[in-house]
Amino acid sequence: MKIKVEQTAQYLKDIFPNLPEFVIVLGSGLKKIVDEVQNKIVIPYDQIPNFPKVTVQGHGGDLIYGTLAGKSVLIMSGRFHYYEGYSMQEVTLPMRVFGVLGIKNVILSNASGGVNLNFKVGDVMLIRDHINMMPEHPLRGENIDQWGPRFVDMSQPYDKHFLNSAINYCQNQNIHVHQGVYLALQGPTFEPPAEYGMIKNMGADTVGMSTVPEVIVARHMGLRVFALSVITDLGGPHLEVPVSHEEVLHAADVAMPKVIAIVKHVIETN
């Protein structure tokens with residue numbers, strides 16, 4: 001894995017004019033932010049050594065370098081998931097590459113199911129903490145000391161400065177957002193009502209199938225993390241509402257103006 005990560009990092013380093021200041025990882029249906037990027041360099045995943053392939057509708061398959069909100073950024077238009085059959089090492093390989101390149105800031109987005117009774121479809125939640133219920137841990141195995149410590153402090157997985165900056169901006173601009181806890185499950189099934197109830201009882205506000213492994217690896221490598229969820233469906237023990245991936249993509253599309261405004265602010269002011 002170390003050899004693969006270093007190979008991939010060197011390949012990308014030879015392409016970028018400058019080191020990106022931020023990496024942005026786009027979740028399901030959140031590709032429209034790419035339209036905001038100027039001076040794009042588009043690198044298809046299938047041209048990048050050791051990169052997995054995207055198999056999920058609504059996820060792109062390109063790494064995009066360019067300028068957003070006055071800063072150089074690198075966007076993953078499409079991510080990799082454990083449920084696609086990849087190992088956690090493969091899922092988080094891009095985050096390892098970004099860390100080896102020396103990028104310091106990460107913005108993660110996802111589509112998630114809401115279990116908080118105050119949430120509505122199309123709402124945005126700023127993630128302040130998470131619960132990891134994935135069946136495999138991305139740091140399992142021999143630790144590579146060059147990348148980070150064996151035991152990683154996760155007392156502040158999400159950067160408080162980024163979070164507070166986003167909160168203040170939303171308050172000043174009258175942008176309605178929530179704050180809360182994201183719980184990660186393996187997927188790929190949407191949860192049944194009883195599981196939604198369990199998730200709520202565990203203290204989470206949303207549930208999804210990504211993000212947490214990337215956050216863990218980012219923190220292992222000392223990267224600062226900001227993350228947000230778009231609420232694309234609702235669930236609970238007394239709700240039996242059918243959910244489809246198409247509905248998830250539509251809800252993500254509705255929330256995009258908020259997401260773009262918040263992401264651009266965090267980049268511009270940090």
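These legends go with several close-up views of one predicted model.

**Figure 1. The whole chain, with its helices and strands.**
Before zooming in, take a moment with the full picture of this predicted model. The chain folds into seven helices and nine strands. Its radius of gyration is 17 Å, close to the 18 Å that the globule rule gives for 270 residues, so the chain is as compact as a globular protein of that length. Measured out along the principal axes, the C-alpha trace spans about 55 × 40 × 35 Å. Of the 270 residues, 54% are buried. Look also at who meets whom: among contacts between residues at least 6 apart in sequence, 82% join residues at least 24 apart.

**Figure 2. The surface of the chain and its charges.**
Here we turn to the outside. The accessible surface comes to about 11,900 Å², and carbon and sulfur atoms account for 49% of that surface. The chain carries 21 positive and 26 negative side chains. The centres of these two sets lie 6 Å apart.

**Figure 3. Phe22 and Phe162, an aromatic pair.**
The model holds six aromatic pairs, and this view shows one of them, formed by Phe22 and Phe162. The ring centres are 6.0 Å apart, and the planes meet at 40°, which makes the pair tilted. Where do the two partners sit in the chain? Phe22 belongs to strand β1 (residues 22-26), while Phe162 belongs to helix α4 (residues 160-172). The pair therefore links a strand and a helix through residues that are 140 apart in the chain. Both Phe22 and Phe162 are buried.

**Figure 4. Phe51 and Phe80, an edge-to-face pair within a cluster.**
In this view the rings of Phe51 and Phe80 are edge-to-face, with 85° between the planes and 5.8 Å from centre to centre. Each partner comes from a loop: Phe51 from the one between β2 (38-44) and β3 (62-68), and Phe80 from the one between β4 (71-77) and α2 (88-91). They are 29 residues apart. Are these two residues buried or exposed? Phe51 is buried, and Phe80 is buried too. Now widen the view a little: ring pairs join Phe51 and Phe80 with Tyr45 and Tyr86 in a cluster.

**Figure 5. Ser229 and the residues around it.**
Ser229 is part of strand β9 (residues 224-234). Its relative accessibility is 0%, so Ser229 counts as buried. Which residues does Ser229 contact, leaving aside neighbours within four places in sequence? They are Asn110, Ser112, Asp123, Val124, Met125, Ile127, Tyr182 and Thr206. For a sense of distance, find Leu101: it is 128 residues from Ser229 along the chain, and their C-alpha atoms are separated by 26 Å.

**Figure 6. Ile41 in strand β2.**
Ile41 sits in strand β2 and is partly exposed, with a relative accessible area of 27%. Not counting residues up to four places away in sequence, Ile41 touches Ile15, Pro17, Leu63, Ile64 and Tyr65. One of these partners, Tyr65, is 24 residues from Ile41 along the chain, yet the two C-alpha atoms are separated by 5.0 Å.

**Figure 7. Some backbone details to look for.**
Most residues other than glycine have a negative phi, and most peptide bonds are trans. Against that background, this view collects a few exceptions. The peptide bond from Gly187 to Pro188 is cis, with omega near 10°, and Pro188 lies in the loop between β7 (178-184) and α5 (193-201). Ala69 is not a glycine, but has a positive phi of about 55°. You will find Ala69 in the loop between β3 and β4, where it is partly exposed at 23% relative accessible area. Asn174 also has a positive phi of about 55° without being a glycine. Asn174 lies in the loop between α4 and β7 and is exposed, with a relative accessible area of 72%.

**Figure 8. Lys13 in helix α1.**
Our last stop is Lys13, in helix α1 (residues 2-13). Is Lys13 buried or exposed? With a relative accessible area of 55%, Lys13 is exposed. Asp153 is 140 residues from Lys13 in sequence, and the two are 29 Å apart in space, C-alpha to C-alpha.

Technical notes:
Residues numbered from 1 in each chain as written. Predicted model: local features only at pLDDT ≥ 70, side-chain atom pairs only at ≥ 80, totals over all residues. Heavy atoms only, no water. Helix = DSSP H or I, 4+ residues; strand = E, 2+ residues; numbered from the N terminus. Rg over C-alpha atoms; globule rule 2.2 N^0.38 Å. Buried < 20%, exposed > 50% of the residue type's maximum accessible area, 1.4 Å probe, protein only. Contact = heavy atoms within 4.5 Å. Areas by Shrake-Rupley, 256 points an atom, 1.4 Å probe, with all protein chains shown as cover. Lys, Arg positive; Asp, Glu negative; His and termini not counted. Charge placed at Lys NZ, Arg CZ, Asp CG, Glu CD. Phe/Tyr/Trp six-rings, centres within 6.5 Å; stacked < 30°, edge-to-face > 60°.
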